[in-house]
Amino acid sequence: MRSMTLLATLATNALAVALPWQSATDAASGTQLPLVIWHGLGDDFEREGLTEVAKLAESTNPGTYVHLIRLAKDGSGDRSATFFGNVTEQIAQVCEQLAADPILSTAPAINALGFSQGGQFLRGYIERCNSPPVHNLVTFGSQHNGISAFESCAIDNWFCRGAEELLRSGRWTSFAQSRVVPAQYFRDPEELDAYLEHSNFLADINNERVVKNETYKKNLASLNRFAMFMFEDDTVAVPKQSAFFSEVNSTTGEVTPLHERPIYNEDWLGLKQLDEQGKLHFNTSPGQHMHLSAKTLRKAFTQYFAPLEESRLSRPGLVVQRGL
Ligand SMILES: *[C@@H]1O[C@H](CO)[C@@H](O)[C@H](O)[C@H]1NC(C)=O
Ligand SMILES: *[C@@H]1O[C@H](CO)[C@@H](O)[C@H](O)[C@H]1NC(C)=O
Ligand SMILES: *[C@@H]1O[C@H](CO)[C@@H](O)[C@H](O)[C@H]1NC(C)=O
């Protein structure tokens, strides 16, 4: 549990007690928050690429404790869970996982990095649980406004054989909505009614139904920064503009940016609030879906996951603001 006292103490830079999360930090370098990473479809926590990202986070901001989110004990089970499962249950599992981690759960806050679908799932974590609370959320190529086509064959052939046909024909069945992960963030504006009725994950987490969940808005608006990266040449996550919460007419290709949509104007999620405070960032990354360079990552880690006191000094009020 996070206490107001702890945050207040932190804000005055006078924290004296050695807390577990603090082990690798000192007064001079500032407080290095832990980082959690949720990987994308077809990936798993044992993959070398992910380990390298973790190492890069540590070398960019020394002392960063990195936790790779996992939905199974081994890599193959974790990978399978990116395709199959009920996202509501997966997020609940991650809430338990983070709250049970002795370092994450005693930190004043954590930073979060989501790759592809892991980005909208981390947003789900924030909206539904946020304990430990997220300070900065960074997402790369995430489908915040869903996908309107299934291009998963481009990612993984095994998945094609298993489920793609089901996604095409049976996406709104309760079978798909409770068991096939990408179906739970499928959103084609041409099928809005079916989506609002059946979507197990995205319609809820985006507060698109008549009854809005105020907790979702309050939690998301409590972020210090929400930085979204869109891959410029993304042809895998369709439409790529979903990374920015834009809506794309699947017939004409016409793009309606977030600022022109009710989710923003009526502020169903606190995005407008964040934006007006300069906390919502729209960034692009060159290249195809998830083709990330160390340079891009290092820049993002420097900008968003730097030690807390440093950030506070360059942007006054940052820590205090977090304690709402
Ligand atoms: C809103 O979300 C919170 C967190 O998941 C949940 O506890 C609460 O029951 C939800 N409220 C409504 C009205 O659905
Ligand atoms: C997904 O899991 C939640 C929690 O167990 C359950 O309430 C919901 O009905 C499930 N979704 C579907 C589509 O079965
Ligand atoms: C997409 O554009 C077409 C052509 O302008 C229009 O008829 C259709 O209603 C649009 N779809 C949505 C969901 O707005």
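Start with strand 4, residues 134–140. Select the strand and look at what surrounds it. Strand 4 is mostly covered: seven of its seven residues are buried. Keep in mind that this is a predicted model.

**The neighbours of strand 4**

Now add strand 3, residues 110–115. Strands 3 and 4 run parallel, and five bridges join them. Two pairs are good to label. Leu 113 faces Val 138 of strand 4. Gly 114 stands opposite Thr 139, also in strand 4.

Next, select strand 5, residues 225–231. Strand 5 pairs with strand 4 in the parallel sense, over five bridges. Pick Asn 136 and find its bridge partner in strand 5: that is Arg 225. How many of the residues of strand 5 are buried? Six of its seven residues are, and strand 5 is mostly covered.

**The whole sheet**

Move on from strand 5 to strand 8, residues 280–285. Six bridges join these two strands, which run parallel. Label Phe 226 and, opposite this residue, Leu 280 in strand 8.

Now show the full sheet. Six strands form an open sheet, and their pairing is parallel. Follow the order 2-1-3-4-5-8 across the sheet. Which strands stand at the edges? They are strand 2 (66–68) and strand 8. Each has a single partner strand, so one side of each is left without a neighbour in the sheet. Turn the view to look across the strands. The twist averages 15° from one strand to the next.

**A helix on the sheet**

Select helix 6, residues 117–128. This helix packs on the sheet and touches strand 1 (35–38), strand 3 and strand 4. Compare directions: that of helix 6 makes about 145° with that of strand 3.

Stay here and pick Leu 137. Leave aside its neighbours within four places in sequence. Leu 137 is then in contact with Ala 112, Leu 122, Arg 123, Ile 126, Leu 223 and Phe 226.

**The core**

In soluble globular proteins, nonpolar side chains tend to be buried together. Look for that here. The largest nonpolar core has 65 residues. Which residues have the most contacts inside this core? Select Val 36, Ile 110 and Leu 137 to see them. Strand 5 supplies the largest share of the core, five residues.

**Zoom out**

Show the whole chain. There are 16 helices and eight strands in the chain. Of the 324 residues, 43% are buried. Consider contacts between residues at least 6 apart in sequence. Among these, 71% join residues at least 24 apart.

**Ligand 2**

Centre on ligand 2. Around this ligand, select Asn 86, Thr 88, Glu 89, Ser 174, Gln 177, Ser 178 and Asn 200. Helix 4 (87–100) and helix 8 (174–179) are the elements that give two or more residues to this shell. Helix 8 gives the most, with three residues. Colour the shell by class. You will find no nonpolar, six polar and one charged residues.

**Ligand 3**

Finish at ligand 3. Which residues are around this ligand? Select Pro 189, Glu 190, Asn 249, Thr 251 and Thr 252. Colour this shell by class too. The shell around ligand 3 has one nonpolar, three polar and one charged residues.

Conventions. Residues numbered from 1 in each chain as written. Chains lettered and ligands numbered in written order. Predicted model: local features only at pLDDT ≥ 70, side-chain atom pairs only at ≥ 80, totals over all residues. Near = placed C-beta within 6 Å. Nonpolar A, V, L, I, M, F, W, Y, C, P; charged D, E, K, R; others polar. Helix = DSSP H or I, 4+ residues; strand = E, 2+ residues; numbered from the N terminus. Pairing = 2+ DSSP bridges. Axes fitted to C-alpha atoms, helices over the stretch in contact; angles between N-to-C directions. Contact = placed C-beta atoms within 7 Å. Core = buried A, V, L, I, M, F, W, Y, C linked by C-beta atoms within 7 Å. Buried ≥ 20, exposed ≤ 12 C-beta atoms within 10 Å, placed from the backbone.
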